[in-house]
Amino acid sequence: MRPTRSKSPFLLIFFTISLLALSFLFFLSSPSDPTRSSFHHYPHPPIRPETSFVASLEHFLTHQAPNHHRTSDDTVRRVLEDDVRRLDERKFAKEMEWVHGDPYYPLNIPIRVYVYEMPTKFTYDLLWLFRNTYRDTFNLTSNGSPVHGLIEQHSIDYWLWADLIAPKSERLLKNVVRVDVQEEADLFYVPFFTTISFFLLEKQQCKALYRVFINVDDLVKCILWSVSFQREEALKWVTDQPAWKRSEGRDHIFPIHHPWSFKSVRRYVKNAIWLLPDMDSTGNWYKPGQVSLEKDIILPYVPNVDLCNTKCLSESESKRTTLLFFRGRLKRNAGGKIRSKLVAELTAVKDIVIEEGTAGEGGKAAAQKGMRRSIFCLSPAGDTPSSARLFDAIVSGCIPVIISDELELPFEGILDYRKIAIFVSSTDAVQPGWLLRFLKGISSTQIREMRKNLAEYSRHFMYSSPALPLGPEDLVWRMMAGKLVNIKLHTRRSQRVVKESRSVCTCDCRRGNITGSNPFS
């Protein structure tokens with residue numbers, strides 16, 4: 001018995017050392033942040049992500065587009081009722097397969113998206129038009145800003161489409177996949193570049209016609225032709241599709257990011273999911289019932305300035321000597337009228353910089369320099385409740401001071417903007433001396449914390465190719481996932497409820513989007 005007992009201490013020591021070694025190996029292999037699991041680890045992109053719209057588009061058109069199968073330029077044939085019925089039957093069979101086989105259905109991840117192969121005049125040809133003309137600096141908006149710069153700010157249609165149609169080997173997003181069979185699709189993406197169409201085809205051709213003939217009748221004819229171009233071409237192509245007729249467009253996605261684009265035919269697609277810059281509940285840009293948070297999604301503008309990365313933020317820390325900065329148009333319409341009141345209140349105040357300016361290379365450089373030297377950046381309403389300036393401030397590490405009472409923000413179901421921005425009511429902002437006292441009362445500790453959060457949040461507003469996890473393209477589909485059940489519900493209801501019945505809920509019977517209103521009123 002004694003020999004057996006003599007071995008036990010050695011066995012205990014050996015067992016203890018083995019446990020320590022295994023624990024050490026586990027520690028080395030575990031994530032450095034204990035709050036994160038392997039689920040949050042994303043693959044490194046095979047190539048350096050490109051965030052410049054012009055550079056990404058050049059690569060896309062010269063490398064990917066030539067290898068893409070181009071469809072006929074003809075619109076589709078007239079759809080028969082049998083086509084719609086057969087698609088609905090196939091869709092029903094597939095959905096029943098998911099109901100019985102997937103315990104999480106209809107909470108679908110990844111989302112299955114069918115991307116329409118539209119005639120090239122609505123897709124590639126419009127992109128080539130931009131690419132071949134963007135250096136024409138004479139092409140300006142009414143306020144002197146380059147039209148092509150405005151198109152870049154609203155180029156969300158390009159970034160989303162380019163990611164969806166990219167080869168699987170190059171895609172990094174895992175929450176959305178492209179499907180080739182319509183009955184497998186949760187959603188249908190319509191790749192029509194509405195902003196390019198508006199500014200480079202309709203508006204510019206009408207301007208050219210007006211300059212040549214100086215005849216109001218000719219201008220009216222041109223505008224009517226523009227309406228016809230949209231309605232009879234792109235709109236008819238989409239609404240003739242069996243999938244559109246089946247759901248009346250409820251599961252179709254339209255990128256309508258500039259408030260002027262697709263304006264004349266919006267009433268025909270108001271059931272669809274719109275990708276918007278904001279809601280504008282004033283009615284200046286969207287008619288009552290056209291937009292709602294229930295069906296639509298707010299997307300950020302494409303920033304006009306370069307990202308101030310971690311190194312940049314560290315180097316600019318000591319240079320942020322301006323308390324509040326603003327550069328832009330000082331007089332705007334609609335909700336933007338508050339700008340003139342703020343200018344009167346803040347001009348010539350110490351530590352505050354208020355400048356008149358427009359976009360373009362010179363304006364971009366001045367805005368970027370000013371934002372990187374400032375603690376706070378003023379973000380008042382413009383012609384619409386939102387503006388690209390908000391996202392320029394975020395990626396510059398400048399804390400936005402938002403004065404826009406009816407603003408809707410991108411991905412607010414995911415992001416908490418109180419962590420990175422200051423919200424001020426327009427009533428308080430124009431009170432003499434109030435805004436200056438308020439900003440000076442914010443502690444340095446809170447400022448450091450908000451700037452730290454800005455560094456983390458900036459990735460959510462940088463479009464790129466390839467699209468990155470946690471980027472805006474990724475968050476679009478996360479937000480879209482939350483709408484799928486409701487989309488299916490309204491689609492099925494519309495198929496069985498008598499059309500004249502008042503129980504059919506349309507956008508007109510939903511609440512307006514007024515930030516800060518009493519939810520119980």
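Angles of 65 to 115 degrees between helix axes count as roughly perpendicular. In this predicted model, the axes of α6 and α17 cross at roughly 80 degrees. The two helices are therefore roughly perpendicular to each other. Their axes come within 10 Å. Helix α17 spans residues 472-481, and helix α6 spans residues 156-164. On the α6 side, the contact involves Trp159, Leu160 and Leu164. These residues meet Glu473, Val476 and Trp477 of α17. By class, the contact of α6 with α17 comprises 5 nonpolar residues and 1 charged residue, with no polar ones.

A second helix pair is formed by α2 (residues 53-64) and α4 (residues 124-133). Here the axes lie 11 Å apart, and the packing angle is about 125 degrees. An angle between 115 and 145 degrees counts as oblique, and α2 and α4 are therefore oblique to each other. The crossing of α2 past α4 is left-handed. Helix α2 contributes Phe53, Val54, Leu57, Glu58, Phe60 and Leu61 to the contact. Helix α4 contributes Tyr124, Leu127, Trp128, Phe130 and Arg131. Of the residues in this contact, 9 are nonpolar and 2 are charged; none is polar.

These pairs belong to a protein chain with 18 helices and 11 strands. The chain has 521 residues, and 48% of them are buried. Contacts that span long stretches of sequence were also tallied. Among contacts between residues at least 6 apart in sequence, 74% join residues at least 24 apart.

The largest nonpolar core holds 116 residues. Phe254, Phe376, Val401, Trp477 and Met480 touch the most other members. Helix α6 supplies the largest share of this core, with 7 residues. A second core is separate and has 5 residues, among them Met371, Cys377, Ala393 and Cys398.

Phe254 illustrates the packing within the largest core. Residues up to four places away in sequence aside, Phe254 touches Val190, Val238, Trp244 and Phe262. Its other contacts are Val269, Ala272, Ile273, Trp274 and Leu275.

Ile253 lies in strand β4, which covers residues 252-255. The relative accessible area of Ile253 is 0%, so this residue is buried. Phe188 is 65 residues away along the chain, yet the C-alpha atoms of Ile253 and Phe188 are separated by 6.0 Å. Neighbours within four places in sequence aside, Ile253 is in contact with Leu187, Phe188, Tyr189 and Val190. Ile273 and Leu275 also contact Ile253. So do Trp477 and Met480. Trp477 also takes part in the contact between α6 and α17.

A buried residue also occurs in a loop. Ser387 is placed between β9 (374-380) and α13 (389-395). The relative accessibility of Ser387 is 11%, below the 20% cut-off, so Ser387 counts as buried. Residues up to four places away in sequence aside, Ser387 touches Tyr301, Arg339, Ser379 and Pro380.

Backbone geometry was examined next. Most residues other than glycine have a negative phi, and most peptide bonds are trans. Two peptide bonds that precede proline depart from the trans form. The bond from Tyr105 to Pro106 is cis, with omega near 10 degrees. Pro106 sits in the loop between α3 (81-101) and β1 (111-115). The bond joining Ser465 and Pro466 is also cis, with omega about 5 degrees. Pro466 sits in the loop between α16 (444-457) and α17.

Positive phi values occur at Ala348 and Asp351. For Ala348, which is not a glycine, phi is about 70 degrees. This residue lies in the loop between α11 (338-346) and β8 (352-356). With a relative accessibility of 81%, Ala348 counts as exposed, because the cut-off is 50%. Asp351 is likewise a residue other than glycine, and its phi is near 70 degrees. Asp351 also lies in the loop between α11 and β8. At 33% relative accessible area, Asp351 is partly exposed.

Definitions and conventions
Residues numbered from 1 in each chain as written. Predicted model: local features only at pLDDT ≥ 70, side-chain atom pairs only at ≥ 80, totals over all residues. Heavy atoms only, no water. Core = buried A, V, L, I, M, F, W, Y, C linked by side-chain atoms within 4.5 Å. Buried < 20%, exposed > 50% of the residue type's maximum accessible area, 1.4 Å probe, protein only. Helix = DSSP H or I, 4+ residues; strand = E, 2+ residues; numbered from the N terminus. Contact = heavy atoms within 4.5 Å. Axes fitted to C-alpha atoms, helices over the stretch in contact; angles between N-to-C directions. Parallel < 35°, antiparallel > 145°, perpendicular 65-115°, else oblique. Left-handed = near helix turned anticlockwise from the far one by under 90°. Nonpolar A, V, L, I, M, F, W, Y, C, P; charged D, E, K, R; others polar.
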